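Me: Can you go through this structure with me? I have some short questions about packing and charges.

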Amino acid sequence: METTERIYPLPATTDDPRFTYGLLADVARLLARHGYDMPTDGRDLLELQGALFGFLYALPGDVPGQ
């Protein structure tokens, strides 16, 4: 299998219009469609939002070369 360069994480930004509550809601619904309980508690949603942010964005110094 051929390996490629990773795309994620992206450099962190303070203003990415794609990172919205709508994205969070879409991911929550996707989890439910795949048989997971729908996250509705504020703490669960906060953790899910943090996990998404951690996957999508790297803080300065987290990824070599960035």
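What follows is a chat about the core, the salt bridges, a surface patch and two single residues.

Me: Is this an experimental or a predicted model?
Reply: This is a predicted model.

Me: OK. Which residues make up the largest nonpolar core?
Reply: That core has five residues in all: L24, V27, A28, L48 and L52.

Me: Which helices supply at least two residues each?
Reply: Both α1, residues 21-33, and α2, residues 42-56, do so. The largest share is that of α1, with three residues.

Me: What is L52 in contact with, neighbours within four places in sequence left aside?
Reply: L52 is in contact with F19, L24 and V27. Of these partners, L24 and V27 are listed in the core along with L52 itself.

Me: Switching to charges. How many salt bridges are there?
Reply: The count comes to three.

Me: Start with D16. Which residue does it form a salt bridge with?
Reply: D16 pairs with R18, and the closest N and O atoms are 2.8 Å apart.

Me: And is D16 buried or exposed?
Reply: D16 counts as buried because its relative accessibility is 14%, and the cut-off for buried is under 20%. Its partner R18 counts as exposed, at 57%.

Me: Where does D16 lie?
Reply: D16 is in the loop between β1 and α1.

Me: Which side chains does the D16 side chain make polar contacts with?
Reply: One is the side chain of R18, at 2.8 Å. Another is the side chain of Y57, at 2.5 Å.

Me: Next salt bridge. What is the N to O distance for R29 and D26?
Reply: The side chains of R29 and D26 meet at 2.5 Å, N to O.

Me: How are R29 and D26 placed in helix α1?
Reply: R29 and D26 are three residues apart in helix α1, so about one helical turn separates them. R29 is partly exposed, with a relative accessible area of 40%. D26 is also partly exposed, with 43%.

Me: And what does R43 form a salt bridge with?
Reply: R43 forms one with D41, and the closest N and O atoms are 3.0 Å apart. R43 counts as exposed at 63% relative accessibility, whereas D41 is partly exposed with a relative accessible area of 31%.

Me: Now the surface. Which residues make the nonpolar surface patch?
Reply: I7, Y8 and F55 make a nonpolar surface patch of about 320 Å².

Me: Where is I7 in the chain?
Reply: I7 sits in the segment before β1, which is residues 10-11.

Me: Why does I7 count as exposed?
Reply: Because its relative accessible area is 62%, and the cut-off for exposed is over 50%.

Me: Last one, Q49. Where is its place?
Reply: Q49 is in helix α2. It counts as partly exposed, at 22% relative accessibility.

Me: Which residues does Q49 touch, not counting those up to four places away in sequence?
Reply: Q49 touches F19, Y21 and L24. F19 and L24 are also among the contacts of L52.

Me: How far apart are the C-alpha atoms of Q49 and A28?
Reply: The separation is 9.8 Å, for two residues that are 21 residues apart along the chain. A28 is one of the core residues.

Methods:
Residues numbered from 1 in each chain as written. Predicted model: local features only at pLDDT ≥ 70, side-chain atom pairs only at ≥ 80, totals over all residues. Heavy atoms only, no water. Core = buried A, V, L, I, M, F, W, Y, C linked by side-chain atoms within 4.5 Å. Buried < 20%, exposed > 50% of the residue type's maximum accessible area, 1.4 Å probe, protein only. Helix = DSSP H or I, 4+ residues; strand = E, 2+ residues; numbered from the N terminus. Contact = heavy atoms within 4.5 Å. Salt bridge = Lys/Arg side-chain N within 4 Å of Asp/Glu carboxyl O. Patch = residues over 30% accessible without salt bridge, like charges linked within 9 Å, V, L, I, M, F, W, Y side chains within 5 Å. Areas by Shrake-Rupley, 256 points an atom, 1.4 Å probe, with all protein chains shown as cover. Polar contact = N/O pair within 3.5 Å; in protein donor to acceptor, adjacent residues only side chain to side chain.
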